[in-house]
Amino acid sequence: MYTYRLVLLGFGAVGQGFARLLRDKADDLRVRYQFRAQIVGVYTRRASLFDPTGLDTSALLHAAQGGGLSAYPGSPKLRRDLDAAAMIAHPEADTLILATPTDLADPGPAVAQVKRAFQAGKNVITVNKAPIATAYPELSALAKDAGLFFGYEGVVMGGTPAVRLAQEALAGSRISEIRGVINGTTNYMLSRMEAGASYAEALAEAQAKGYAETDPTADVEGYDAAGKLIILIALLFGQTLRLDQIDCHGITEIGPQAIAEASAAGERWKLIASARLTDGKVEASVKPIRLPLSDPLAGVEGIMNAVTYVTEEMGGVTLTGAGAGGVPTGFAVLSDLLALHRKRLAGAG
Ligand code: HSE
């Protein structure tokens, strides 16, 4: 049985959520899918760990939740001196998991890491949104030419399969509009504020639960949702937009009074990301909108996300599910790995 050997760049909420799933589901995955994987490398800003015989996932999680990864215990083949570039290209690894924080203002380093991995013959699974938002056509062409796998299910709606639904299940349909609640932090905050929490309390809770980005400005000002919208536009409409081409507003202006007024009118504030394709031209925005409670997106509460794809053939197709959090987004990495595994088996067959 083939064993995938993974290098993780980043070991925050998502990296740890994925590691936990890999550890807890190892037997099940082996029996059900003949799938086996081990983490051989973890690189973060503070620590570098590489062991070609496989790192101990429980010890990694224990160290990460305690004094930090530098407390990971030594072993005969363990190296602590590799930089990110050396780890990505290491001959004893076959797949890069890019679970570093998204920085849409400076996407260059993340894009370069994905390119380096493809040039070194590695598969890539990214949860970092920057490479998909800014360089999807180039990177997907590189992967295709090299016959490598490029997975990015986790960049929109965590493990809820918004990308696979659009690219695989709806392949062949014509999608003219995308509309969704695609930032969990702000949706959680709006729900908590409706229940009486202050803006600061709601944000602190979202951070404590691991929903918010490392810099939560990206969430509350709408840039995270705009980044995901850019990704959906790239994947579904084949156009690469920049952030400044999205009419982007966040929830920073929504205070208790606005919430109360909406409630009194039988409505609810939602941060809605939408994009419409008309005659080859895309119009896109992210903005808080007061929706009547009868609107399906108004019922999406807390950390849940939802996206509606408006298709020519079936009208709206809506998917709802968890859109943030370590384990739900870690699941996206696992789901991409299983997609890689299916592809590998199909190629072998
Ligand atoms: N900060 C993001 C959110 C995480 O709240 O939706 C998932 O992309």
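Student: Where is the place of Pro 76 in this model?

Tutor: The model is a predicted one, and in it Pro 76 sits in the loop between α3 (57-65) and α4 (84-88).

Student: Is Pro 76 buried or exposed?

Tutor: A residue is called exposed when its relative accessible area is over 50%. Pro 76 has a relative accessible area of 88%, and therefore counts as exposed. From Pro 76 to Ala 206 the distance is 40 Å, C-alpha to C-alpha, with their positions 130 residues apart in sequence.

Student: Why does Asn 305 count as buried?

Tutor: The term buried applies under 20% relative accessible area, and Asn 305 is buried because its relative accessibility is 0%. Asn 305 belongs to strand β11 (residues 304-311), and its contacts, leaving aside residues up to four places away in sequence, include Met 157, Val 181, Asn 183, Gly 184 and Gly 323.

Student: Which residues are around the ligand?

Tutor: Among them are Lys 129, Asn 183, Gly 184, Glu 213 and Gly 323, and the shell divides into 3 nonpolar, 4 polar and 5 charged residues. Two helices, α8 (184-194) and α11 (223-237), each contribute at least two residues to this shell.

Student: Which atoms of the ligand lie 3.2 Å from Lys 129, 2.7 Å from Gly 184 and 2.8 Å from Glu 213?

Tutor: An oxygen atom of the ligand is 3.2 Å from a side-chain N or O atom of Lys 129, and an oxygen atom of the ligand is 2.7 Å from a polar backbone atom of Gly 184, whereas for Glu 213 a polar side-chain atom lies 2.8 Å from a nitrogen atom of the ligand. Of the 260 Å² of accessible area that the ligand has on its own, the protein covers 93%.

Technical notes. Residues are numbered from 1 along each chain as its sequence is written. This is a predicted model: local features need pLDDT of at least 70, side-chain atom pairs count only at pLDDT 80 or more; totals for chains, interfaces and linings use all residues. Side-chain values use heavy atoms; hydrogens and water are left out. Helices (H or I, at least four residues) and strands (E, at least two) are DSSP runs, numbered from the N terminus. Buried means under 20% relative accessible area, exposed over 50%, partly exposed in between (1.4 Å probe, protein chains only). Contact means heavy atoms within 4.5 Å. A residue is near a molecule or strand if one of its heavy atoms lies within 4 Å of it. A polar contact is a pair of N or O atoms within 3.5 Å; within protein, one must be able to donate a hydrogen and the other to accept it, and residues adjacent in sequence count only if both atoms are side-chain atoms. Accessible areas come from the Shrake-Rupley method with a 1.4 Å probe; for residues, only the protein chains shown count as cover. Ala, Val, Leu, Ile, Met, Phe, Trp, Tyr, Cys and Pro count as nonpolar, Asp, Glu, Lys and Arg as charged, and the others, Gly among them, as polar.
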